[in-house]
Structures are given as structure tokens and as C-alpha cells.
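Thanks for making the time this morning. I would like to walk through one structure with you, going from the whole chain down to a single strand and the core around it.

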Amino acid sequence: MGFIRGLKCRECGREYPVDPIYVCEFCFGPLEVAYDYKSIAKAINRKKIEGREKNLWRYRELLPIDGEPQVGLDSGFTPLLKADNLAKILGVDELYIKDDTVVHPTLSFKDRVVSIALTKAREFGFETVACASTGNLAHSVSAHGARAGFSRFIFIPASLEASKITASLVYEPNLIAVDGNYDEVNRLCSEIANKYRWAFVNINIRPFYAEGSKTLGFEIIEQLGWKAPDNIVVPCASGSLLTKVWKSFKEFKDVGIIKTLDTKVFAAQASGCSPITTAVKEGTDIIRPVRPNTIAKSLAIGNPADGFYATQVVKETGGYAEDVPDQEIINAMKLLARTEGVFAETAGGVTLASAKKLIETGRIKRDESTVICVTGNGLKTQEALHGHTMSPHYIKPNLASFEEVLEKIKKGL
Amino acid sequence: MSVKVRIPTPLQRLTQGKEEVEGTTGKIIDLVNALDKKYPGIAERISENGKIRRFVNIYLNDEDIRFLSGEETVVKDGDEVSIVPAIAGGCR
């Protein structure tokens, strides 16, 4: 039932069979899944999608599997909130939050990509799944892998905070804490991936894994009543999500699900790690690697693998890019919680704060529709807000003490 | 004195297994083309139409040539050139 034609190098176009490989042997470019869009156009339509379960597999024709979905049957189809309170404050007419703080089961958009990666790993016959991660990806591979019955190896830098380690350990994977930083962990994992027959979701399964990000874009279009927004703001770490969201919009147009597409794509980063937004602002294709220094740790990739492609999407669509300092990230996290009741992780603060800047500078027009992608839950990174929230009102366990405080609250003290 | 060129594992098949070969002084792109005379096929793996391929990094004495003068970067006697494929992937 699959519609995959094979893998294709994004750089030189050389074609490869569907295997757990990710780099072109000839020019070292990244491999990408190639589909038979003609057949997909005949096989998929709005009615068919609407008749399916509300999970990310409702767009299965455009996902890189051959058999039935096996992992993530409860993942995806998160809310698209119409954010009227926030729109009023930012001074725009039509604003939406794509709320991936609530993806099943580990509360970040990584549950989407891991659903596809593990389904594919099973199709390839792997028994062990693995990843290098400092947070959301580790949680998702640990959890999805547990339910699907895989043996799991999770590689993290040993210096990671205890709370993040607990959130992986609870699923009882083999957690390998490496004496080194994230880049060193990654390099080690590439060597391990060459030696052992394991499915490293973000290494040898990456071409399939990355396709899972498209489901975020498909959902946005469906939830807007089968139309694409005028603007979309996407947070960037490796740049893969932004690239794939745009790919999803183009695919829906190519297979006839939507008739018109005129969306501008905007990239958001933290100023403490902004290789992609800096390249866009300087009008260059060259991504200069940086050493990350930001509270937005889930976006802290100094040498982004898909950075070049992300800048191309921004350019192609007439979008732009913006980055914001840590204090603005915190302010935006609080603003989103206060106005729309959504507690995003730091990356969500990055996206909202960048969107605010893009609106204020006129890059995003106030009378157009805009979607802000919030990709992870704030409960995971609470330490980022320590010292930045309100304090509780402390009282004695009697009515008089409460009413004393109530008076103060009423007076706005 | 001479120019040392470090060859990555995937390209060592073209250099008869040698990890390190001798290079020429002058522009990087000329060095690549000169290598091809000795080791046929290596230039098209590293470059296309006179440009270094996007997923191939070349370092001159540990500095990425993109931040020097790119393909026009001049290699001097005693310099060390490293050719390193950028491996896509491995990201959160």
C-alpha cells in the first residue's frame, strides 16, 4: 500500500533503494524520501482523511511506510487554538497556536517523528531502537519504544539535569550517560550506528523520521478548513521542522488537497544560538556554526544539519527570520500562559517572542492570518522560570488571614 | 616542506587506502583538481563545476575555508588541508 519510490540525494539527485541509510555515498548530501505523487493524488482526498481516526496517521499516503501504522496510534491531531486574547495584545486580526504541548505520549512534537521512525524500524526488522538526545527525543523514544516492545538505547551527555534524566529513566530504557558534550555524544552514536544493527532514529532512520514533521503541517491546513495560513512561524534547531512543514504544504497542493498556496514561512531562534536566523538576516547561504548559550536548550544546535534548506524555504516563500534574547523568551512563555492558558517549553517562548518582533517590524502583516508553532510542554523545563514567576500569597489557616490577603489582591497590591 | 592533505575514510578507496597525501600550493580548487590527476575520480566527489560540494567541509589549518576565501583560498608551503564530509543527521 506504500507510495515510496525510493530515497534520493537532495544535493546530486542520485537514487537509492528504501534502506536504513541517510547519506549519499557519492557527494555526502542528505537522503530524502521520494514518493509517487501521481498515485497518491488518486488515492487521497479530503473526505477520506476526514473519515479516519484523529491521529497523525490520517495522512498515511504521504508518510514513508509500506505496511500498516504500528506506533503512535494515539499521537498527533493536537489542537489548533484560535488565540483571540493574544491576537488583541499583539494587534493582529487572526492568530492561531498549533499546540504540540499535548502530543501523546511525551508532550512534544518529537512524538510525531518517533511514531514514523519506530514504525519504519519495525518494517526494516530492527529489534533495537536508539537515539542521541538531551531531552524531548530521549523521552519519546523511551516511551514509544516501551509500548512497541523495542529494546532501547538512549545516549545522553552525563552532565544533564536530574529531572530530564528521570523523565527518560521511568520508561526503563538502557540509558547511556556519556562523559562528553552533546556533539561528542552525537559523534559516538554515528560510530555505534555503523557497527551495530540498531535503528538510530535521528541517524540511519533520519530520512523517514524527519518526514513525521510533515503531519504538523497537514493538520494545520485541515484545521484551518482546508486552507494554508498567510504566515507560519516555526522554531529552528536543526532546521528540519521548518523545511518539512513547508514540504507538507507543497505536497497538499501538489496532490490536489488545496488549490492555492501563498504562505510565508518565518524562522525563529534564540539569540544565544541563531545560526539560521543570522544567515537569513545577512542574506547568505552559508551557515556559520556557533557555540550555543541560551535557556532554549531544545533549540541549541550550533551547527544545524538542515540550516541551508531552512534559509532556502524562508527565501522562496518571502518570509523572514528573527531571534530573541533569553529575557524575551521568558516573557513570551508567561504571556502565552496568561492569555491562552498554554504552558510552553522555552522553545515556545522563542517562537512567540520572535513572532511578536516580526509583527512589530511589519514583516508579518496585522490583517493576515498567522500560525505560531508551539512544539513542547513547559512542565518539562520548569527550571527556566525559577525566579521569574509571581509568588504565592502566604496565609494562616483562618478566614481573617485569607480576607486580609483578599483585600490586598483587590487593591492590586 | 610541502602541503599535507588529509583524506576521509569514504574517499580513501580512491587514494589506495592512504589517509594522507601530498597536495599542491595555490588555490584550494586547483589543489583539488591536481589531486584528481593522481587519484582519478576524487575531484567530482569533492566539487562540482569548480565549487566545493555543500556537504564536504575543507579546513585549512583547522579553519573552514568558507570563512577564508572559499574555493579561492590560497594554500602555502607547510599548510595542512583536511577534507571532512559533513554528516547530515543527529539532531534533536
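I will begin with conventions, then take the overall form, the domains, the core and one strand.

This is a predicted model, in which local features need pLDDT of at least 70 and side-chain atom pairs count only at pLDDT 80 or more, while totals for chains, interfaces and linings use all residues. Residues are numbered from 1 along each chain as its sequence is written, and chains are lettered from A, with ligands numbered from 1, in the order in which they are written.

On overall form, the C-alpha atoms of chain A fill a box of roughly 75 × 50 × 45 Å along the principal axes. The radius of gyration, taken over C-alpha atoms, is 22 Å, which agrees with the value near 22 Å that a compact globule of 413 residues would have; the globule rule here is 2.2 Å times the number of residues to the power 0.38. Chain A holds 15 helices and 13 strands, these being DSSP runs numbered from the N terminus, with at least four residues of H or I for a helix and at least two of E for a strand.

Turning to the domains, whose bounds come from an automatic or database domain assignment, chain A is divided into domain 1 (80-105 + 212-385) and domain 2 (125-204). Their C-alpha centres lie 26 Å apart, and the contact between them takes five residues from each domain, where contact means C-beta atoms, placed from the backbone, within 7 Å.

What, then, does the largest nonpolar core contain? It has 129 residues, and Val234(A), Phe266(A) and Ala267(A) are those with the most contacts inside it; such a core is a set of buried Ala, Val, Leu, Ile, Met, Phe, Trp, Tyr and Cys residues joined through C-beta atoms within 7 Å. Helix α14 (residues 346-360) gives the most to this core, with seven residues, and each of the two domains supplies at least three.

Finally, consider strand β11 (residues 264-270) of chain A, where seven of the seven residues are buried, so the strand is largely enclosed by the rest of the structure. Buried means that 20 or more other C-beta atoms, placed from the backbone, lie within 10 Å of the residue's own; 12 or fewer is exposed, and in between is partly exposed. Phe266(A) is among the residues pointing one way from β11(A), and Ala267(A) among those pointing the other way. Strand β10 (residues 231-235) pairs with β11(A) in the parallel sense over five bridges, pairing requiring at least two DSSP bridges, and Ile232(A) stands opposite Val265(A).

Notes
Contact = placed C-beta atoms within 7 Å.
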